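Reader: I have a sequence and a model on my screen. Can you walk me through the fold?

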Amino acid sequence: MATTIAEQGGFDESAIPKTVPFTKKWHSTPYSSISPTRPELSAAGRNVVITGGGTGIGNAIAVAFAQAGTLSITILGRRLEKLKEGTIPIQAAIPTGSTTQVYYHSVDLLSREDTNSVFEAVASQIPDGKIDVLVSNAGAVLTAMHAIQAFIPLAGPEPIILSTNTCIAHYPPINGLGLYAFSRAALVRLTDYIQKENPEFRVISVQPGWVATEGNGFDPGAKDDVTLPGQFYVWLASPEAEFLKGKFVWSNWDVDEMLERAQDIKNSRLLTLLLDGSDNILA
């Protein structure tokens, strides 16, 4: 019988703050504006690497990039059998006439040496030898850091990092979630510094939604469809989402409403983690 994250972690689910959406519209399923079949969201010519891409949200992201016609998709993970299984829906999603190539590699992201070796193997295998989009979707701070460090020297001319995180990273403290919240908040700061030190990159942190996955015991209370973050990530990698560079966003938010506020978001501290009352620190 599946258990919820609350039951596994020993915390009171009612202690989680009530969510006040950034946009008026709230989505739990995909909608036309983030459809990977939109020409404006085409991923043609891009090589995409997804850690944790064999199952769950990572696999849904890979499927959506396949639907968007990307040049290649490489999924990485620990379990080789899950990666092999994960390629099946990706291959099935490739549009007729598309030449998208699908690869998979087993990797120990806790080992920087193994991570570097696997990323170099990916670069030697994919068309053009450069990685355009990294979806960091596995583990926490150390594994994300190793993946990003391996990606940077192999990145294409307009590199993008989409870092899967969680709303717990920016929520007030919740009893029973200390270690998890700490690691996720640290991950936000890691991506903040990656963005600062690599201004040519587009780095975006993402709360992917509340999706029933292996990681939460397929929690029956998780109401978001896995295809929502899958397609949302494709939109984040499109030219339309350039204004979200260095920001933290939720897959549930409406992209059309965010686009209406694009300049305000781009030129302000909106959707970042900073100290309230100290705007002068941005000077």
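The questions and answers below go through the sheet, then the helices.

Reader: What average pLDDT does the protein chain have?
Author: This is a predicted model. In it, 93% of the residues score at least 70. The chain average is a pLDDT of 91.

Reader: Over which residues does pLDDT stay under 50?
Author: Where pLDDT is low, the predicted coordinates should not be read in detail. The stretch in question has 20 contacts beyond four places in sequence in the model. It covers residues 1-9.

Reader: In what order do the seven strands of the open sheet run?
Author: The strands pair in parallel. Twist from one strand to the next averages 20°. The order is β3-β2-β1-β4-β5-β6-β7.

Reader: Which strands stand at the edges of the sheet?
Author: An edge strand has a single partner strand, so one side of it is left without a neighbour in the sheet. Two strands fit, and they span 101-106 and 248-250. They are β3 and β7.

Reader: Which residue of β5 stands opposite leucine 134?
Author: Strand β4 covers residues 131-136 and strand β5 covers residues 155-164. The two run parallel, joined by five bridges. Opposite leucine 134 stands isoleucine 161.

Reader: Which strands does α4 touch as it packs on the sheet?
Author: The direction of α4 makes about 160° with that of β3. The strands it touches include β1 (47-51) and β2 (72-77). The full set is β1, β2, β3 and β4.

Reader: At about what angle does helix α7 run to β6?
Author: Helix α7 spans residues 227-236. It lies across β4, β5, β6 (202-207) and β7. Its angle to β6 is about 160°.

Reader: Are α2 and α3 roughly parallel or roughly antiparallel?
Author: Helix α2 (residues 56-67) and helix α3 (residues 80-93) have axes that come within 8 Å. They cross at roughly 25°. Angles under 35 degrees count as roughly parallel. That makes α2 and α3 roughly parallel.

Reader: Which residues of α3 meet α2?
Author: From α2 come Asn59, Ala62, Val63, Ala66 and Gln67. By class, the contact has six nonpolar, three polar and no charged residues. The α3 side consists of Gly86, Pro89, Ile90 and Ala93.

Reader: Is α4 parallel or oblique to α5?
Author: Helix α4 (residues 112-125) and helix α5 (residues 141-151) pack with axes 9 Å apart. Their angle is about 40°. The roughly parallel class takes angles under 35 degrees. So α4 is oblique to α5.

Reader: How many charged residues are in the contact of α4 with α5?
Author: Arg112, Thr115, Asn116 and Phe119 of α4 make the contact with His146, Ala147, Gln149, Ala150 and Phe151 of α5. Four of these residues are nonpolar and four are polar. Arg counts as charged. The charged count is one.

Reader: How many nonpolar residues are in the contact of α5 with α6?
Author: Val141, Ala144, Met145 and Ile148 of α5 meet Ser183, Ala186, Leu187, Leu190 and Ile194 of α6. One residue is polar and none is charged. The nonpolar count is eight.

Reader: Is the crossing of α5 and α6 left-handed or right-handed?
Author: Helix α6 covers residues 178-197. It packs on α5 at about 20°, with the axes 9 Å apart. The two helices are therefore roughly parallel to each other. Their crossing is right-handed.

Terms used. Residues numbered from 1 in each chain as written. Predicted model: local features only at pLDDT ≥ 70, side-chain atom pairs only at ≥ 80, totals over all residues. Heavy atoms only, no water. Axes fitted to C-alpha atoms, helices over the stretch in contact; angles between N-to-C directions. Helix = DSSP H or I, 4+ residues; strand = E, 2+ residues; numbered from the N terminus. Parallel < 35°, antiparallel > 145°, perpendicular 65-115°, else oblique. Contact = heavy atoms within 4.5 Å. pLDDT = per-residue confidence, 0-100. Pairing = 2+ DSSP bridges. Left-handed = near helix turned anticlockwise from the far one by under 90°.
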